[in-house]
Amino acid sequence: MTLCWHAPEPAAFHDPYVDFSWMLRQRRQPPVGSDVYQPIFVRLVGADDPVSARKQRQRLRRLVETPADPLLMEPFELSVLRRRCHRRDPDAGLPDEYPVYRALGTPDDAFADLFEVLDDGTPVALDPSSVDFDAAEDLQPESARPRDGKGQPIVAVIDDGIGFLNARFCKARRSGRGSILRTRFEAIWLQALERAGPGDRSACLGEILERRQINALLRREGLNETGEYTALNARLARADARRSTDFGTSHGTHVLDLAAGSEPDDSDDPARDWPLLGVQLPPQAIADTSGTKFESYLVDAVRWVLRRAEAMDPRAPVIINLSLGMLAGPKDGTRFAEYQVAREARFWEQVKGQPVRVVWSFGNDYRKRLVAGLSYPAAEARRDTAQSIEWRVQPGDLTESYVEIRAAPGQPLEALEIGVTTPAGLASGLSALEPGEIRNLTQGDLVVARIYHVPEHRLDPETLQRNFYLLALAPTASLDLEPLVPSGAWQLAFRYDGCAALDLELQVQRDDSLVGYRAGARQSYFESAEGYGWNQEFFDYTQLGPDCAIKYAGSHSALATALTRQVFHVGAVRNDAQDDRLPPSDYCGEGAAWSVPGPTVSTIADRSFLRGGVQGCGTLSGSTRFLNGTSAAAGRLSRALALSSKVLVADATTPHLADFDTRLISLCPVPEAARARLGSHVVIT
C-alpha cells in the first residue's frame, strides 16, 4: 500500500504523545471491556474562598461516589478529598488540585464549571479483578505514629524495582533470641496498572504494604526474599510486564541504597535511623522511556509521600529521590510532571512548614545526537530560507518515534513552514500549521505519521506552556499486523519568512529499551556530515564540528529544569584520582542558554574512565552491584541532604548550597568550563 501526505486539518487533542500512541494501540491491542478511563489532573474552579471551595469539593466527591457518573478517583486521593470536605479543612491553604479518572469519550467541557483539566494521561482499561485496598483509605494508620519529635529525615524513593526486604533497609534489634531485623520502611506503595476497586467506584493502583506487614514477612522462618517478591509480582503485575524484583539487579533498590542504605547493626551510621517511604511505579510505565506514561503515576506518588511523611512526623525533612526522566520537552519548568512536583513541594512547605527536597537526575544523553539547532538571524527581508536536517530512524523499532520542534523563549513560530520527506523520497511539501492542526501521512486509510502543531496551554496565571511542533512516527517493525513506516533517513525541512530572529531547538524524544525490558525500542537520532570529527577523549570519529547542527547543549532531562528552591538537579562526575580531577561522566547531559545553564550540583557516579559505576546493593540481601548514570548521582546527593537534615528549613530563601552541612559534606568548586554539565560544586560525602 502506498503512502500519502494529506493537507492540514483541525484536530482535538491535549497531549500529542498520548493522542498518537493511543491511536496506534487501538490497532494492535484494543482495551478489553467498556470500563476505559483516562487519568486527568484537575484544578477546581470557583474555589476562591473557604465556603465555595468546600462546596466544590463536596460536589466533586458526590460525582466520584455516584455509580452512574463518569468520574473515579484513586482510594487514597479520595480519602484526601473527603477530609477536605469537612468544615475544618486539614489542608487549608493547599491548592484544590486532584488526580481524577474520566470515562474515555467524556467531553472536555462536561465539567467546565467544576474544574479545569491541567493534564491528561494514557487511557487505561480497569481490570475487573478487585482487591482489598482498605489500607489506602487511612491517612494515618496505627503503624504511622508521630516519632516523638526525633526529627530524623524521611527518605523516599520513587522508582522501578525496590527490594524492600533487603537487610540494607532494616534495623537490627536485639532480643532474647538474638538479633531481629525490623524494616525502616514506614510503607511502600507497589503501583500496578489500574484495577476496579470495591464497588467499582475507584481506580486502584496496586497495593500498599505497611510497616507491620513488611515486618511480618521479615519474621517468617527461613525467609525467601525471591519467593516473596515473586508472589507479590504475580498478584500485581501482568504476565507481559517486567517484574524487576524477580531479578538480581533492580534500579530502585540500588538508588535507595545509595540514598539511605545501611548495615542493620551499624550504630555509627546515621542512615540506620532514617525512616523510609517507597513507591514502585508500574513496570509498563517504566518500559516507555519516552516518559509519557509515568507522569500521572509519578505525581500521584509524590502526593502520597508528602501526606504519609506528615503522618509520620510533621516536622521531619522529607527527601524525595526521582531518578527518572525524558529527553525532549520545553525544558523551562513547564512540562506537567516537573511543574506539578515542584508545585506540590513548594506549597507543602509554605502551608505545612515541613521541609521538602526533591532530587532529579540530570540525564544521561550527552553523546546520543538527540538535540540540534537551526538559526535564522533577524532580517528585513528573506530569500531562500530553507534549512533541513536528517533524522535517522532505525529498523526493528517496535515503538513510536518523536521529534519536538520548538522556538527559543520569546520567539514566535507563526511564520515557520515545515516539511517532511520519507526515506523513499515522498515529500509532504512545506506548509504552516495553525495551532491545533495536524498533517497526516497515511498508508491506505490508516495514519502512520503525523505532524502536530500543539497550541499553548496555561497552567496558572504565571505559567504558560508554549506552542510547538511534534513529528510522530509509527514503529518500523511490529509483532502485530499493523502499518509501519520505513526506516532510514527522514528529512525535516524548514522555511521561515518572518523578519525577527528565530532559533529552532530540535529534540528527538528518548526511545530506547532499559536493561531487561522487552519494549523493543531503538533510539532514533539526528545525522550530520559535520558530526564526525576526531574525538580526543574517546579516540574515535564522533566529535561534533563547530558548524554542526547537532548540539551537546540541551542534552539534559526535560524533567530537570524547574528552578524552585526545593528542587535539586544532579549531574554525574567521574573520579579520575590518578589525574587529580573530577571531570563530567561521559554520558552526563549539558545545560543550554535556552533552558537551564546546568545542574544544581553533581556527585561522583563513576570510579574511573574504565571502571564505571558506584557500589550499592542488589535486589537480595548480601548482594552488591555497580550502577552509574545520573541516577546514581541523584542517590548520593539524597544521602548528602539527609546527612545535612538539621540545616534543612522550609520555605528557605538561601542558595541551594546552604542545605549542606559542611561539617559532614565537602563541596568542591567546579571550573567555569564544566558548570554546564556539573553545576557549581561537586558534593562529596
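Is R369 buried or exposed, at 12% relative accessibility? Let us look at that residue together, and then at several other places in this predicted model.

**Figure 1. R369 sits in a loop and has a positive phi.** The loop that holds R369 runs between β17 (356-361) and β18 (371-376). With a relative accessibility of 12%, R369 counts as buried, because buried means under 20%. Its backbone also deserves a look: phi of R369 is near 60°, a positive value in a residue other than glycine.

**Figure 2. K331 is another loop residue with a positive phi.** Here the loop joins β16 (318-322) to α9 (336-352), and K331 lies within that stretch. Phi of K331 is near 55°, and K331 is not a glycine. How buried is K331, in terms of relative accessible area? The value is 1%, so K331 counts as buried.

**Figure 3. The whole protein, seen before the next close-ups.** The fold contains eleven helices and 37 strands. Its radius of gyration is 25 Å, close to the 26 Å that the globule rule gives for 685 residues, so the protein is as compact as a globular protein of that length. If you follow the C-alpha trace along its principal axes, it spans about 85 × 70 × 50 Å. Of the 685 residues, 59% are buried. Now consider the contacts with a separation of 6 or more: 76% of them are between residues 24 or more positions apart.

**Figure 4. V649 lies in a loop and meets residues from far along the chain.** You can find V649 between α10 (630-643) and β36 (666-669). At 43% relative accessibility, V649 counts as partly exposed. Which residues does V649 touch, leaving aside its neighbours within four places in sequence? The contacts are with E349, P355 and R357. G353 makes a nice example of how the chain folds back: V649 and G353 are 296 residues apart in sequence, yet their C-alpha atoms are 8.4 Å apart in space.

**Figure 5. Two cysteines, C85 and C617, are shown without disulfide partners.** A disulfide is a covalent bond between the sulfur atoms of two cysteines. How many disulfides does a search of the whole structure find? The search finds zero. For C85, the closest cysteine sulfur is in C204, 19 Å away, which is too far for a bond. For C617, the closest cysteine sulfur belongs to C170, and the distance of 11 Å is again too far for a bond. Both cysteines are tucked away from the surface: C85 is buried at 6% relative accessibility, and C617 is buried at 4%.

**Figure 6. The largest cavity is an enclosed space of about 160 Å³.** The structure has six cavities of 30 Å³ or more. The largest cavity is lined by 17 residues, and those closest to its centre are P39, I40, F41, D119 and S296. Four elements each supply at least two residues of this lining: β3 (36-44), β5 (97-103), β6 (115-120) and α8 (295-312). Helix α8 gives the largest share, four residues. Sorted by class, the lining has nine nonpolar, three polar and five charged residues.

**Figure 7. The second largest cavity has a volume of about 130 Å³.** Its lining is made of 15 residues, with Q191, N233, A237, Q280 and P283 nearest the centre. Which helix gives the largest share of this lining? Helix α5 (residues 225-236) does, with three residues. The classes here are seven nonpolar, five polar and three charged.

**Figure 8. The second largest pocket, with about 940 Å³ of space, and its neighbour α6.** This pocket is lined by 40 residues, and the closest to its centre are H251, N364, R510, L514 and S631. The elements that give two or more residues to the lining are α6 (251-260), β35 (624-627) and α10. Strand β35 makes the largest contribution, three residues. By class, the lining has twelve nonpolar, 19 polar and nine charged residues. Helix α6 is mostly covered, with nine of its ten residues buried. Among these buried residues are G252, H254, L256 and L258.

Technical notes: Residues numbered from 1 in each chain as written. Predicted model: local features only at pLDDT ≥ 70, side-chain atom pairs only at ≥ 80, totals over all residues. Heavy atoms only, no water. Disulfide = S-S within 2.5 Å. Buried < 20%, exposed > 50% of the residue type's maximum accessible area, 1.4 Å probe, protein only. Contact = heavy atoms within 4.5 Å. 1 Å grid on protein atoms, 1.4 Å probe; cavity = no way out; pocket = protein on both sides within 12 Å on 5 of 7 lines; lining within 4 Å. Points joined across faces, edges and corners; volume = space filled by probe spheres on them. Nonpolar A, V, L, I, M, F, W, Y, C, P; charged D, E, K, R; others polar. Rg over C-alpha atoms; globule rule 2.2 N^0.38 Å.
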